[in-house]
Amino acid sequence: MNKRRIAWICVVSFLTVALTGCRDSLTTQPALTEIQQTKAALQPAGEPFDFEIDPETFTLTIIKDGVRVPASVSLPKTAVTDLVKNKDSVQWTYPGQVKISITKKNNYLDIQINSIGADQFQWPSVQSDSYILPLGEGKVIPADDMNWKTFLKDKSYTWSESFSMDFFALHADPFSIVYVVTNKFNDEIHFDTSSSIQFQFSHAFPTLNEDKTYGFRLYVTGNDPQEVVLPYKNYVQENGNYITLEEKAKDNPNIRKLYGAPQIYLWSESIITDTDVNLPKLRTLFPVKLGPWLVQLLAGTAEGSNELAQVLKEIPKQVYWDSYQKKVVMSAMNQGIKLKTFYSSSVFPNPVEEAQKLINQGVDKLSEEKLYDLNKLLLKSVLQDAAIDISGWGQSESTDLVKDMSRSGIKNAWIGLPNWADGLMNPKMVNEANEVGYLIAPYDSYHSIQQNLDPSWNTAYFPDSSLYEHATIERKDGTKLAGFLQRGRKLNPTLSMPSVKQRVAGILQDGIGYNSWFVDSDATGDIYDDYSPEHPTTQQQDLKARLERFRYFSKDKQMVVGSEGGNDYANSVIAYAQGIESPVIAWEDPDMRVNKDSKYYIGGYYAPAGIPDRYGKAVPIKSLYEKVYSDPAYSLPLYKLVYNNSIITTNHWEWGTYKIKGEEADKMLYGLLYNVPPLYHLDRRTWEQNKASILDYLKVWSPFHQQAVTREMSKFSVLTNDRLVQSTQYGDDVKVIANFSDHEVKLNGETIPSKSAIVYQGKQRMSFHAEVNAKLLPNP
């Protein structure tokens with residue numbers, strides 16, 4: 001996290017000037033552009049107001065119906081020059097720093113701040129009774145709330161990364177003040193909680209960037225969330241950046257397969273499993289040639305081969321396998337299948353005819369999928385009758401599982417594979433997903449780059465060896481930005497497209513049936529200025545390149561594209577996003593990330609087989625995190641009120657539906673109320689354990705989502721004083737009431753049990769008892 005930027009330096013001198021704007025009717029919209037004319041007429045946003053401004057302190061006061069509310073906290077008094085006042089505008093200069101212009105438009109103030117020397121500038125600083133902020137889906141944050149004061153203490157957030165949409169609101173009585181941020185780049189928010197919560201907005205003017213302006217549109221609205229978000233929704237539409245799912249589906253009808261679809265990560269990375277081998281026979285033949293060969297090969301990988309070498313010493317002394325030994329040996333064989341160096345004529349002296357044909361083509365020249373075909377044939381040539389026929393390898397954990405999900409009534413599903421190699425090793429699984437009508441996507445990433453190939457992190461390797469030195473992001477001081485987990489470097493997206501196309505062509509060249517693609521990181525707002533003299537790049541150029549990458553997948557390759565996060569700049573080019581509804585929680589808390597003895601430790605990234613603990617292990621979270629991340633009393637569907645029928649959003653994959661122990665019921669209620677797909681991590685064992693709960697939930701959620709996802713969220717209401725009973729409406733005839741409390745509630749003659757939801761679709765009524773459903777899950 002960046003340190004707080006230093007506030008602008010004051011110039012000494014004093015002058016006080018106040019300007020009162022005239023009250024105008026705010027019902028007239030500007031003339032529509034050609035793009036806007038293709039959209040439905042915009043609903044007028046904002047209410048009439050007057051304003052006063054003190055240029056010396058940049059204090060902005062909003063006046064409505066005789067009520068005066070400060071829109072910004074005073075800056076230190078500073079001399080101004082070039083002061084010009086007109087009926088509806090004022091301009092002035094802080095010499096050597098910035099020029100400022102404020103103009104009253106039909107329904108908002110247009111505020112522009114232009115640097116004439118400042119490296120950075122801080123405005124506005126704001127203080128209010130509460131705030132409406134697009135943190136993820138959306139939060140209402142009371143200024144005196146102790147949970148939020150503790151959580152936000154001295155926190156600084158990069159705007160483009162931490163806020164899902166470009167606005168924030170001061171929630172006061174009797175109206176709200178909405179700031180629409182018109183330049184999302186090089187912005188930062190710093191929170192001060194020493195008294196009540198307040199924050200400062202600052203903008204940097206990098207030397208790289210010729211654009212030296214940032215600014216806002218300021219609106220006055222009512223306090224209902226749908227009124228607060230409307231100015232921003234109109235702003236997005238005015239700029240032609242609002243595209244509905246149905247409009248996207250005209251280009252790619254497969255997008256409709258997301259409607260009513262749970263999002264499922266299928267952990268079938270092992271193409272050969274212990275159910276595919278005769279373990280007594282394997283124990284006899286493995287130590288002869290295959291085991292020592294794998295020890296030699298894997299010694300050069302990130303995981304190494306020490307564990308395998310030890311198991312190899314133990315096997316001949318035993319007449320059995322223990323579970324650990326089986327995992328180590330099966331993992332080693334699966335890793336070996338992925339290696340280009342797997343073939344050795346001394347280890348595999350008698351390849352079958354099909355394998356020999358592939359060898360004759362030159363192992364280095366084989367596609368990735370053909371390499372895996374060869375290595376499976378080679379492995380089988382050694383295993384002989386100690387393994388079943390190759391066509392059956394891994395199928396019970398993959399293809400058969402997909403069939404079972406379909407036969408169980410899951411009509412639509414998105415299946416994500418943690419590695420594109422999972423599908424290339426097992427095209428039968430990918431074909432089955434297509435056959436039953438599912439979307440199936442590989443995980444892909446262009447965030448980090450490693451200098452050398454690591455098969456366990458293949459997304460960070462690129463054949464073009466020049467990229468590591470000549471296409472990575474550099475700080476202003478000349479040092480390189482480190483990649484994920486401080487490994488490798490971060491790749492400049494403006495220089496990566498040839499390698500993107502090369503990778504994708506290699507993956508798809510044999511016709512693998514991927515119909516969706518998941519691109520990690522690109523929708524998180526994790527964007528950079530690159531100060532490398534070879535390739536200077538602004539944040540805006542960085543972002544543009546990421547959007548072009550999305551378009552390549554969605555347009556050129558006709559994939560249903562999704563990404564991590566879901567910050568709304570990507571709305572027009574992706575169809576789904578993972579992270580808006582539940583982001584990565586407490587990345588810097590050692591109890592959750594480092595201390596393995598902590599009950600809050602979420603688990604590691606790696607497992608030799610099955611689902612890694614990071615994704616599959618249910619853990620509690622600290623009470624503070626439960627409050628700020630999960631408590632429905634603070635939640636607002638800001639993102640859904642803008643984008644419900646434009647993009648499908650769900651949890652980050654680290655925080656699936658069953659990840660937080662004790663919150664399973666609330667997650668399911670949230671999914672109904674906010675129209676959010678459940679996110680599951682499944683293998684055969686977990687599917688059997690959770691099947692009853694999953695199917696019981698999808699019986700209600702899937703048909704609801706199919707209807708709600710093509711409608712706008714038209715209304716949100718809080719129905720009780722404790723904010724634990726809420727309702728949402730989609731279009732005219734789809735409505736949900738959710739009771740998150742631990743007691744039943746009676747509303748308008750309707751009794752709503754604790755931890756339950758009622759879904760109304762036209763004249764149909766469905767109820768869901770989340771507390772009862774959660775009892776179907778296995779005890780931890």
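This report walks through the overall build, the nonpolar cores, one helix and the salt bridges of a predicted model.

## Overall build

Let's start with the whole chain. Its secondary structure comes to 24 helices and 34 strands. Taken along the principal axes, the C-alpha atoms fill a box of roughly 90 × 70 × 50 Å. For 780 residues, a compact globule would have a radius of gyration near 28 Å, and the chain agrees with that, at 29 Å.

Buried residues make up 59% of the 780 residues. Among contacts with a separation of 6 or more, 69% are between residues 24 or more positions apart. As for the surface, the chain exposes about 31,000 Å², and carbon and sulfur atoms supply 49% of that area.

## Two nonpolar cores

The largest nonpolar core holds 143 residues, and the members that touch the most others are Phe 286, Met 333, Tyr 514 and Leu 672. Helix H23 gives the most to this core, with eight residues. A second, separate core has 63 residues, including Val 80, Phe 175, Ile 585 and Ile 660.

Leu 672 is a good place to zoom in. Setting aside neighbours within four places in sequence, Leu 672 is in contact with Tyr 697, Val 700, Trp 701 and Phe 704, and also with Tyr 730, Val 736, Ala 757, Val 759 and Phe 768.

## Helix H8 and its two sides

Helix H8 spans residues 306-314, and Leu 308, Val 311 and Leu 312 are buried in it. Seen down the helix axis, the buried residues of H8 fall within an arc of 105°, so they line one face of the helix. What covers these buried residues includes helix H7 (290-298) and helix H9 (323-337).

Turn to the other side of H8 and the picture changes: Asn 306, Glu 307 and Lys 313 are exposed there.

## Salt bridges

Side chains of opposite charge can pair when their charged atoms come close. In this model the count comes to 33 salt bridges. One of them joins Arg 68 to Glu 52, with the closest N and O atoms 2.6 Å apart. This pair links distant parts of the chain, since Arg 68 sits in strand E4 (residues 67-70) and Glu 52 in strand E2 (residues 50-54), 16 residues apart. Arg 68 is partly exposed, with a relative accessible area of 48%.

Another example is Arg 711 with Asp 733, where the closest N and O atoms are 3.2 Å apart. Here too the pair links distant parts of the chain, 22 residues apart: Arg 711 is in the loop between H23 and strand E28 (713-718), while Asp 733 is in the loop between strand E29 (725-730) and strand E30 (734-739). Asp 733 counts as partly exposed, at 36% relative accessibility.

## A pair within H23, and a network

Helix H23, the one that gives the most to the largest core, also carries a salt bridge of its own. Asp 696 pairs with Lys 699, their closest N and O atoms being 3.8 Å apart. Both residues lie in H23 (residues 684-708), three residues apart, which is about one turn of the helix. Asp 696 is partly exposed at 25% relative accessibility, whereas Lys 699 is exposed, with a relative accessible area of 57%.

Some salt bridges join up into a larger set: Asp 404, Arg 684, Glu 688 and Lys 691 are linked in a network.

Note on methods:
Residues are numbered from 1 along each chain as its sequence is written. This is a predicted model: local features need pLDDT of at least 70, side-chain atom pairs count only at pLDDT 80 or more; totals for chains, interfaces and linings use all residues. Side-chain values use heavy atoms; hydrogens and water are left out. A salt bridge is a side-chain nitrogen of Lys or Arg within 4 Å of a carboxyl oxygen of Asp or Glu. Helices (H or I, at least four residues) and strands (E, at least two) are DSSP runs, numbered from the N terminus. Buried means under 20% relative accessible area, exposed over 50%, partly exposed in between (1.4 Å probe, protein chains only). The arc is that of the directions from the helix axis to the C-beta atoms. Contact means heavy atoms within 4.5 Å. The radius of gyration is taken over C-alpha atoms; the globule rule is 2.2 Å times the number of residues to the power 0.38. Accessible areas come from the Shrake-Rupley method with a 1.4 Å probe; for residues, only the protein chains shown count as cover. A nonpolar core is a set of buried Ala, Val, Leu, Ile, Met, Phe, Trp, Tyr and Cys residues joined through side-chain atoms within 4.5 Å.
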